[in-house]
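User: I'd like to learn how to read a protein model feature by feature. Could you walk me through this one?

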Amino acid sequence: MIWGIIRRKVISPKVLGESVQRIRPAVSVSGPQCYRTMRKEALLIGQGFECVQRSGYHILLGSHAHSTRREVIALFQTEHFFRLKNRSFSSDSGDIVAAVVPFMGESITDGTLATFLKKPGDRVAVDEPIAQIETDKVTIDVVSPEAGTIQEFVAKEGDTVEPGTKIAFISKSGEGVTQAPSENAAAQPPPPEQKESVEKQIPKAETAPVKEKIKEPSPSQPKAKGTSPPPKATASEPQLPPKDRERRVPMTRLRKRVATRLKDSQNTFALLSTFNEVDMTNLMKLRSDYKDAFVEKHGVKLGLMSGFVKAAVSALQNQPVVNAVIDGEDIIYRDYTDISIAVGTPKGLVVPVIRNAENMNFAEIEKEINTLAKKANDGSISIDEMAGGTFTISNGGVYGSLLSTPVINPPQSAILGMHSIVTRPMVVGGNIVPRPMMYIALTYDHRLIDGREAVFFLRRIKDVVEDPRRLLLDI
């Protein structure tokens, strides 16, 4: 037996009686019934009730009840088909769902709708990306909440959107969706019969001016007074290239963000760079001797970046001021080392962070670098994986750079630049021998770091890379 109790803030006894009578014999109701009341709070109680849900739209035994500004709290019986549905949709049948911009991170309030991956009329599966949102740091996919057919887009490429903004409507059944006309169909001329009918409908008066020839002034006519021939270009004027050979494209949000941060770095910091060179013989020999055993045990290749990360951690511990940062009139010394690795991607520069690098060994560093680099290249890296960082390493040597002065990544105070390895003649033990050499550069904020600390920092990296055994002995 199902019975109901209804509590209302504003309700007449007559309406209350009707509501109770209609709910009490609910199981035997054969036709749809509509209930339209004022703001109310309904409590339905019976045997086997288990769940509580909130909704502004509900279906009761095939009957629709809909009202604005109403909150319904219902317990329903699972043994029968008496249930309460809670679903987001845009039509009375619940067939249309909206694809909205997801949450993009605590520090990101909006993004630019970069591109649509689908077209109206295309079939999509659940969680299939249909568009991409470009933010200051990463690219985020907008996915379809349900399987169905894209009905229409309600935003266009280039729009600035916020989390929760609707960009598309999707029909789960595919009804009412018209396929977008193809370009070939749009380019086809109308049939001859239609062409003739169109020509008949056009009045002759409109076509008459077209047949008239424009009268050209005869050479004998005198020129109007006050007019002068256009000035001829002199040989000294520069000949600019035609505009059709140039392309103007808008900057992406990531590129604008990188440009802003790097320019702010130049405007804020007192940038100064110091250089040194490193003999890579011992580190390369270490990798060559143990690369096979390293892969067999750890499942990842032994590279040079892990050696430089360990050397940077050692140098930061020896010179803590390089790991510090200026905050107003204070200096913040950080007793942890989060190393940022600059990664160049087709969409721009990203800087993922290796957390607590001082507690990691060579294998753990190599695995983390490979994971972050893969995510950065395929665009799946998250905001949290790029936030923070106390020191940055940029390896321009992978592109063949011989020497450079890297720019500090705010709010850090220094950055290490690695470069290409070149075999050069070096004096070793009084003899000239070929050695694989690398130039390294340290750009630092001279407001905080003096030249003495900067040189000692770079010398420590040189000593550790040239003799990795120092890491084992801590000397």
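User: Which residue of β12 stands opposite V124?

Analyst: Strands of a sheet pair through backbone hydrogen bonds, either parallel or antiparallel. Here V124 stands opposite G148 in β12. Strand β9 (residues 123–124) and strand β12 (residues 148–153) run antiparallel and are joined by two bridges. Two strands count as paired if DSSP finds at least two bridges between them. The helices (H or I, at least four residues) and strands (E, at least two) are DSSP runs, numbered from the N terminus.
This is a predicted model, in which local features need pLDDT of at least 70 and side-chain atom pairs count only at pLDDT 80 or more, while totals for chains, interfaces and linings use all residues. Residues are numbered from 1 along each chain as its sequence is written, and side-chain values use heavy atoms, with hydrogens and water left out.

User: Over how many bridges do β12 and β14 pair?

Analyst: Strand β14 (residues 166–171) pairs with β12 in the antiparallel sense over four bridges. I150 is opposite I170 of β14.

User: What is the strand order in the open sheet of four strands?

Analyst: The order is β11-β10-β8-β13, with antiparallel pairing. Because β11 (139–143) and β13 (160–161) each have a single partner strand, they stand at the edges, and one side of each is left without a neighbour in the sheet. Strand β10 (residues 129–134) is joined to β11 by five bridges, and E134 stands opposite T139 in β11.

User: Now the interior. Which residues touch the most other members of the largest nonpolar core?

Analyst: A nonpolar core is a set of buried Ala, Val, Leu, Ile, Met, Phe, Trp, Tyr and Cys residues joined through side-chain atoms within 4.5 Å. Buried means under 20% relative accessible area, exposed means over 50%, and partly exposed is in between (1.4 Å probe, protein chains only). The largest core here has 69 residues, and I130, F308, I339, F391, I393 and I461 touch the most other members. Helix α7 (residues 305–318) gives the largest share of this core, eight residues. Contact means heavy atoms within 4.5 Å; leaving aside neighbours within four places in sequence, the contacts of F308 include M280, L283, I393 and I461.

User: And charged pairs: how many salt bridges are there?

Analyst: Side chains of opposite charge can pair when their charged atoms come close. The rule for a salt bridge is a side-chain nitrogen of Lys or Arg within 4 Å of a carboxyl oxygen of Asp or Glu. By this rule the count is eleven. One of them joins D338 and R355 (3.7 Å, N to O). D338 lies in the loop between β17 (330–332) and β18 (339–341) and R355 in the loop between β21 (353–354) and α8 (362–378), so the pair ties together parts that are 17 residues apart in sequence. D338 is buried, at 8% relative accessible area, whereas R355 is partly exposed at 34%.

User: Where do K462 and E466 lie?

Analyst: K462 and E466 are both in helix α9 (residues 451–466), four residues apart, about one turn of the helix. Their side chains meet in a salt bridge (2.8 Å, N to O). K462 counts as buried at 16% relative accessibility, and E466 as partly exposed at 21%.

User: One last check: is S420 buried or exposed?

Analyst: S420 is buried, with a relative accessible area of 14%. S420 lies in the loop between β23 and β24 (421–428). Leaving aside neighbours within four places in sequence, S420 contacts G397, G400, S401, L402, M437 and M438.
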